[in-house]
Amino acid sequence: MSLNNNLLSRSLHTVWHPCTQMKQHETYPLIPIKKGDGVWLYDAEGKRYLDAVSSWWVNLFGHNNPRIKDAIKLQLDTLEHVMLAGFTHEPVVELSEKLAKLTGLGHAFYASDGASATEIALKMSFHYWRNTGKSVKTKFISLQNSYHGETLGALGVTDVAIFKDTYAPLLTQSAQMLSPDFRLAATGEGAETFALRCAEALEAYVSEHSHELAAFIVEPLVQCAAGMGMYHPIYLKRAREVCTKFEVHLIADEIAVGFGRTGMMFASEHANIKPDFICLSKGITGGYLPLSTVLTTDEVYQAFYDDSTLKGFLHSHSYTGNPLACSAALATLAIFESDSIIEKNREKSAFIQHQMQVLTDLPIQYLRHQGMIHAFDVLTQNTKFSRDCYAAALGQGLLLRPIGNTVYFMPPYTICDDEIAHMVNTTINVVRMTR
Ligand SMILES: *Cc1c(COP(=O)(O)O)cnc(C)c1O
């Protein structure tokens, strides 16, 4: 106990925790995690918590996964890192080939985090237009309530007030398009009709501004940070058509929704579209190591291929294509293949939906799901609902992290029936207690 408290006070003294008003830790204690196994996290006293948010949406196949762990260990014995400028190595080549096959986009540029992938996609898009004689195309558009990361460039296309407003004076302005999140539809308007109405608004804007627009960046199918805002895939189909028609790039930010979360390997597949750029991170290494990538087309790649150095994409990052991270990503892809994860998740998703039906006894709305993402919005007067619900769930051995009034599950795919029952039943209890 005293050792534990010691660690907490040392952490508060020296570690500046993310996405946190540190003063709130006077009332909400930090949880010191000692080990992870499967869907469970164990604290210093051996109390366990079911990780229903996959440790911020990164974990796919559970903590302490033997296959990913072994792949990293094996790689560790041969090469931990070499710079990727002027050098190459087996894991990065193999991973790029595999991702090219999965996405249809054959050129992979690597970084270590999602926000950097966004930065790279924005820079590449702008630079493509510049290299092809259209340097007036300097502007970006995104969706209302979008989230693309929190570095200055990524915040410029993000539209979440609590993260963005403070830094507004520092940011490059971008325009936000009507979000097709079906919770925003008019009363009686279906999700598809609403998505089509949003696509029309997009077309109206793009047709007027295309001369100055470089790209439209979008989170395909689920706007996760907006509170799991889900929308009809017809929007993506129409967005692809609009972007093609008016010569504007379409950037698919699949950082959160990629790698099976929405029920397909990539969310863009639901609309059967090929974006000009796809940003991947989070689940790419199964949650083991930081890695992100931007994949793009031959056409974009060719526009940089030139005798002139300055026409090249000179963006650099020290850990680009890190072999350990790439080996974790390769192990992750191997699990998808050998264990038919996408197919198996269909049954798991249906089971979670079925279990969640009992939630309809509570005052909730928009009970929804897309693949392995399940969510609902709680009707409550409690202005501290998300924090109270989070704290109450921890007390009962469940890591939930509601976004505003939205409670969601995005668990590792290895979650079993008993664990699903624990997740859902505990959620019912804590929502009742805290709403
Ligand atoms: C998490 C996220 C990012 C940012 O990724 P980081 O690794 O946290 O920088 C970008 N876009 C989306 C859609 C995300 O969910």
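How many of the five residues of strand E12 (residues 292–296) are buried? In this predicted model, five of the five are, and the strand is thus described as mostly covered. The side chains of E12 are divided between two directions, with Ser292, Val294 and Thr296 pointing one way and Thr293 and Leu295 pointing the other way, and all of them are buried.

The pairing of E12 with other strands can be followed next. Strand E4 (residues 107–111) is joined to E12 by five bridges, and the two run antiparallel; within the pairing of these strands, Tyr110 stands opposite Thr293 of E12. Strand E11 (residues 277–280) also runs antiparallel to E12, to which it is joined by four bridges, and here Phe277 has Thr296 as its bridge partner in E12. In general, the strands of a sheet pair through backbone hydrogen bonds, in either a parallel or an antiparallel sense.

From the strands one may turn to helix H5, which covers residues 114–131. At 1.5 Å a residue its 18 residues should span 26 Å, and because the C-alpha atoms at its ends are 25 Å apart, the expected and modelled values agree. Of those 18 residues, 14 are buried, so that H5, too, is described as mostly covered. Just after the helix, Gly133 adopts a positive phi of about 80°.

The ligand is surrounded by a shell of residues that includes Trp57, Asp113, Gly114, Ala115, Tyr147, His148, Glu219, Asp253 and Lys282. By class, the residues of this shell divide into five nonpolar, three polar and four charged. Several polar approaches can be described atom by atom: a backbone N or O atom of Gly114 lies 2.7 Å from an oxygen atom of the ligand, a polar side-chain atom of Lys282 lies 2.6 Å from a ligand oxygen, and a polar backbone atom of Tyr147 is 3.4 Å from a nitrogen atom of the ligand. The protein covers 82% of the 380 Å² of accessible area that the ligand has on its own.

Elsewhere, an open sheet of four strands follows the order E1-E2-E3-E15, with mixed pairing. Strand E1 (33–37) and strand E15 (398–399) stand at its edges, and because each has a single partner strand, one side of each is left without a neighbour in the sheet. Strand E2 (residues 40–43) and strand E3 (residues 48–51) pair in the antiparallel sense over three bridges, with Leu41 standing opposite Tyr49 of E3.

Note on methods: Residues are numbered from 1 along each chain as its sequence is written. This is a predicted model: local features need pLDDT of at least 70, side-chain atom pairs count only at pLDDT 80 or more; totals for chains, interfaces and linings use all residues. Side-chain values use heavy atoms; hydrogens and water are left out. A residue is near a molecule or strand if one of its heavy atoms lies within 4 Å of it. A polar contact is a pair of N or O atoms within 3.5 Å; within protein, one must be able to donate a hydrogen and the other to accept it, and residues adjacent in sequence count only if both atoms are side-chain atoms. Accessible areas come from the Shrake-Rupley method with a 1.4 Å probe; for residues, only the protein chains shown count as cover. Ala, Val, Leu, Ile, Met, Phe, Trp, Tyr, Cys and Pro count as nonpolar, Asp, Glu, Lys and Arg as charged, and the others, Gly among them, as polar. The expected span of a helix is 1.5 Å times one less than its number of residues. Buried means under 20% relative accessible area, exposed over 50%, partly exposed in between (1.4 Å probe, protein chains only). Two strands pair if DSSP finds at least two bridges between them.
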